[in-house]
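Here are a few short exercises to try with the model open in your viewer. Have a go at each one before reading its solution.

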Amino acid sequence: MTSHEVRKAMSQCWRIRKELKAKENALQEIRSKAEKMTTSFSQTPGGQGETASRVEHYAVQLVEMQEDMEDATEALLKAMRRTQRMIELAPDPLQRAALTEYHLNGKTAEETAESIGYSERQIFRLMGSAYEYIAKMMS
């Protein structure tokens, strides 16, 4: 495994977290639409026709989106466990701290640097040397 592959594998946490956030936003939008339809559905005599099928459509979308979010959450947990195992291979506690903040806690490089008390450039150097070391250990 190369240092680039290690970095890419660890970056899966960020990618999945971003995907999960997008799914959360989509779920909120579907819920909002469903609530509007439910209000109009309850005011429709007999609750038949187009309004009923729209409510059903949103209900199906809600269930599907929730299932997608469960799958993404499981994928995130799996990626986080894998990333944690890789981080534990780093020899320096500062490297482990930087990698944890950046990859597992989802902080930006600037936030990671601030929390550790280093510059961004130093954080990238720390992480770069950690990726190289981890790649050697995993080969």
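**Exercise 1.** Work out which residue caps the N-terminal end of H4, and which atoms do the job.

*Solution.* Keep in mind that this is a predicted model. Start with Asp92: one of its side-chain oxygens sits 3.0 Å from the backbone nitrogen of Leu94. That makes Asp92 the N-terminal cap of H4. Next, walk along the helix, which covers residues 93-104. Its buried residues are Gln95, Ala98, Leu99, Glu101, His103 and Leu104. Finally, step just past H4 and you hit Gly106, with a positive phi of about 70°.

**Exercise 2.** Find out why the buried residues of H1 line one face of the helix.

*Solution.* First pick out the buried ones: Val6, Ala9 and Met10. Now look down the axis of H1: these buried residues fall within an arc of 95°, so they line one face. Then check the other side of H1, where His4 and Lys8 are exposed.

**Exercise 3.** Is Met1 buried or partly exposed, and which nonpolar surface patch does it belong to?

*Solution.* Locate Met1 in the segment before H1. Its relative accessible area is 33%, and since buried means under 20% and exposed over 50%, Met1 counts as partly exposed. As for the patch, Met1 joins Leu89, Tyr133, Met137 and Met138, and together they have about 410 Å² of accessible area.

**Exercise 4.** How many helices and strands does the chain have, and what share of its residues is buried?

*Solution.* Count the elements: 6 helices and 0 strands. Then take the 139 residues of the chain: 29% of them are buried.

Conventions. Residues numbered from 1 in each chain as written. Predicted model: local features only at pLDDT ≥ 70, side-chain atom pairs only at ≥ 80, totals over all residues. Heavy atoms only, no water. Patch = residues over 30% accessible without salt bridge, like charges linked within 9 Å, V, L, I, M, F, W, Y side chains within 5 Å. Areas by Shrake-Rupley, 256 points an atom, 1.4 Å probe, with all protein chains shown as cover. Salt bridge = Lys/Arg side-chain N within 4 Å of Asp/Glu carboxyl O. Helix = DSSP H or I, 4+ residues; strand = E, 2+ residues; numbered from the N terminus. Buried < 20%, exposed > 50% of the residue type's maximum accessible area, 1.4 Å probe, protein only. Polar contact = N/O pair within 3.5 Å; in protein donor to acceptor, adjacent residues only side chain to side chain. Arc of directions from axis to C-beta.
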